[in-house]
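Colleague: I want to check some labels on this model. Give me the value, then the cut-off, then the verdict.

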Amino acid sequence: MSTRTGKRAVSRAATPDQPPAKRRAEDQKAPQQQPDNHFEVQTTIKKHYDFDWIHTVSGFVKLKQHHDVTATHFGTGASLPPDASAMTPRNASEDPEGLEGSKLEDSDLEDSDDMEDSDVKDSDDMEEFGEDSDSAPGKDAIGGCYALLMRPNRAIFYDDMEQLSVETSALAFELFDRYGRLKPEFKEQGVKSGSGIWKHELDIGRILLLEDIRIGKSFRRQGWAKKLVAAMLQATRAKCKTFVALTRPGVIYRDYGTLKGSLTDAESDRFCAEELRVTEVFWRSVGFRRIGSSQWFGLASTVNHACHTLPASEDYDLPKIPGLPCYPAAGSLLADIATLKDAEAADKVRQVFRDAPIPTPPPRDSAMDSLFVAIETERDEECVEKLKLALDHLPVDDPRYEARDSDGNTVLHAAAINFKPKAVKWIMEKNALLVGKRNVEQEIPIEALQNRLEFHRTISGSSYLTVIEPASDKFKGFSTEMVDCLCILGGRSNVSEIDFQRLTCGCTCGQCMDGFLSPRMRYAVLCQAEMNYDMMFAENGYMEGSDWVELNDTRLVHVPDPVRENMRTNKSMREGHTNLYNHIATCLKSDKVPNTFNVLEALRNASEWPPVTRNFLERGGNVPSVGSMVFELALIQDELAGDGQHMEVFKDDIEVLPECRNDHEFGFVSGMCGYKRVSNIRKVSTFGSPMSSE
Ligand SMILES: [Zn+2]
């Protein structure tokens, strides 16, 4: 699989925006316009050989033949079967821009967990039309499409997706949070939500990731890609009722690679921009719509989803990069070269560029360019000196304040995302207008900083294709420079100590205790401390010591072995351990984080008699062995990280509490209390043995 997952899915479709007369003329030049009733689309769904939560979905355009009846057949002579046409635009073989959106018929199929394996023989046909597809389309396949139908465990979403491929990692990190929920900026009102049609449908259920679609050069512009996608969706639909299909249109390297050598940089940029535009037109023509302002496109299987009613022409387009030239549409450039030999294709590209000359980009100001480099690489104080040299003498309306880097960042964006508070302050005092300028991602400087911080907290430190401790669990808070930048950009001066702590810990509710323990997390941990105290206390009353230790096996995993053995025969040790749960609850009820210091203070205030907890602590027991466990128990019942029992039982109490970014960050919060960073991901070494997280 790894050979294809790194490549962007891409396809060729007839481009719509070329005058019909010209298109006909090109058609005559296109080689091998074969009658297509010799071919048909076949699909297979198979269990993934490594992961039980994945099925692979493959589709091929093949010569018609007698074959296994389990394959889905879409001959092109006839119209698509009713359900297939329901997945595609009504006018699938015509102008793709003219559609109003595809419709899915709801079906009565159960969304069954045990999808049956189709017993179609193993097939590596994807490779057969691989590198030599231009002239000879393998044995009998002239095109193919490859997809993964996934049901990842949302509690360990990043971990599941990272193990698969670079493409699935990118999907996970670019669109989702650690619990597999679509990132809030794509859902909530604002420029980053794009068309605003994607909400919670991506947070649950199956994902069909269309990774690769290819049609042999001689067979492009005949509608095969559309039929292939329709068949893939139809086959998936027959297996499960609800899913969202996702793809990231991009430039197919294999086609571009052979051309690249004969193009200038400017031509190359333009070629890629144009190819991307055409592939986006294709995916929209088969019903896909952009997810927020991301590079991903989605199609939901549910009939009433807004993606089916949003016209392609009104789907969200990413803004052009400021400072880079906007090319006029090059029409059928891509469709043309798709059917040409490479040498002719290079000529054709140059011809088109001569016909529509590339506009001269605005001249780069080299002084400003080096200023951007300085902001990125030099110390804060030096940045301020460089800024003074470059900008101090300029009036506020000087165009140099509008200078951008290749991501469309102004100097203020750059200073913010490189965590240079003194530079941020200097720029804001000099030119306050920059506070409201947007970059390519449509972010004003403070939003760019917030997203950079979220990246820092969630992803940086992760490495693709390895089993890792989630970066979010290792988080220890943002640096002073990062928080200073946030305060200055947000216009907040005289920030109190606790508010500074909250900003440092990424709190979004403004109520986190010590900056990191949110009201919902506090409540979850309190529930566990109280319930488990009650249970163990009761069991202590009527159970034999060794039975009690056996029964509480899992609660005692962090207790040192000799202490656990001692607890079999020593009732006061068992009571001391149990009472610690109660002291933790006392801490939380008096609005103190349950760290060792505060728990010991609660113990002192309790004037416990007989002093069983002191006894437990003096004979080798410790507070972290219980503190870590309380967080672990809360994690196990969390609605995102665990089985959801906590929410089921205490829904009404929970929902009146404010939400915070820290609500489900059990590893972070337990670590901040000085305990083990608890996690639901079983870490194993390369040799398969369990690894500790600390
Ligand atoms: Zn908070």
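Colleague: Where does Ser607 lie?
Modeller: Ser607 sits in the loop between α25 and α26. Keep in mind that this is a predicted model.

Colleague: Why is Ser607 called exposed?
Modeller: Ser607 has 7 C-beta neighbours inside 10 Å. The cut-off for exposed is 12 or fewer. Ser607 therefore counts as exposed.

Colleague: What makes the phi of Ser607 worth a remark?
Modeller: Ser607 is not a glycine, yet its phi is positive, about 45°. Most residues other than glycine have a negative phi.

Colleague: What is the peptide bond from Trp609 to Pro610?
Modeller: That bond is cis, with omega near -5°. Most peptide bonds are trans. Pro610 is placed in the loop between α25 (596–606) and α26 (612–618).

Colleague: Which sign does phi of Gln442 have?
Modeller: Positive, near 70°, and Gln442 is a residue other than glycine. Its place is the loop between α16 (421–430) and α17 (445–458).

Colleague: Why is Gln442 called partly exposed?
Modeller: Count its neighbours: 18 other C-beta atoms within 10 Å. Buried needs 20 or more, and exposed needs 12 or fewer. The count for Gln442 falls in between, so the residue is partly exposed.

Colleague: On to the helices. Why are α21 and α28 called oblique?
Modeller: Helix α21 (residues 519–542) and helix α28 (residues 645–655) pack at an angle of about 125°. Roughly perpendicular covers 65 to 115, and roughly antiparallel is over 145. The angle fits neither range, so α21 and α28 are oblique to each other. Their axes are 12 Å apart, and the crossing is right-handed.

Colleague: Which residues of α21 and α28 meet?
Modeller: From α21, Arg520, Tyr523, Ala524 and Cys527. From α28, His646, Phe650, Asp653 and Ile654. By class, this contact has five nonpolar, one polar and two charged residues.

Colleague: How do you know that β1 is mostly covered?
Modeller: Strand β1 (residues 39–47) has nine residues, and seven of them are buried. Buried means 20 or more other C-beta atoms within 10 Å.

Colleague: What makes β1 and β2 a pair?
Modeller: The cut-off is at least two bridges. β1 and strand β2 (residues 54–63) have nine, in the antiparallel sense. The strands therefore pair. Among the bridge partners, Gln42 has Phe60 in β2. The two strands form a hairpin, with six residues between them.

Definitions and conventions: Residues numbered from 1 in each chain as written. Predicted model: local features only at pLDDT ≥ 70, side-chain atom pairs only at ≥ 80, totals over all residues. Axes fitted to C-alpha atoms, helices over the stretch in contact; angles between N-to-C directions. Helix = DSSP H or I, 4+ residues; strand = E, 2+ residues; numbered from the N terminus. Parallel < 35°, antiparallel > 145°, perpendicular 65-115°, else oblique. Left-handed = near helix turned anticlockwise from the far one by under 90°. Contact = placed C-beta atoms within 7 Å. Nonpolar A, V, L, I, M, F, W, Y, C, P; charged D, E, K, R; others polar.
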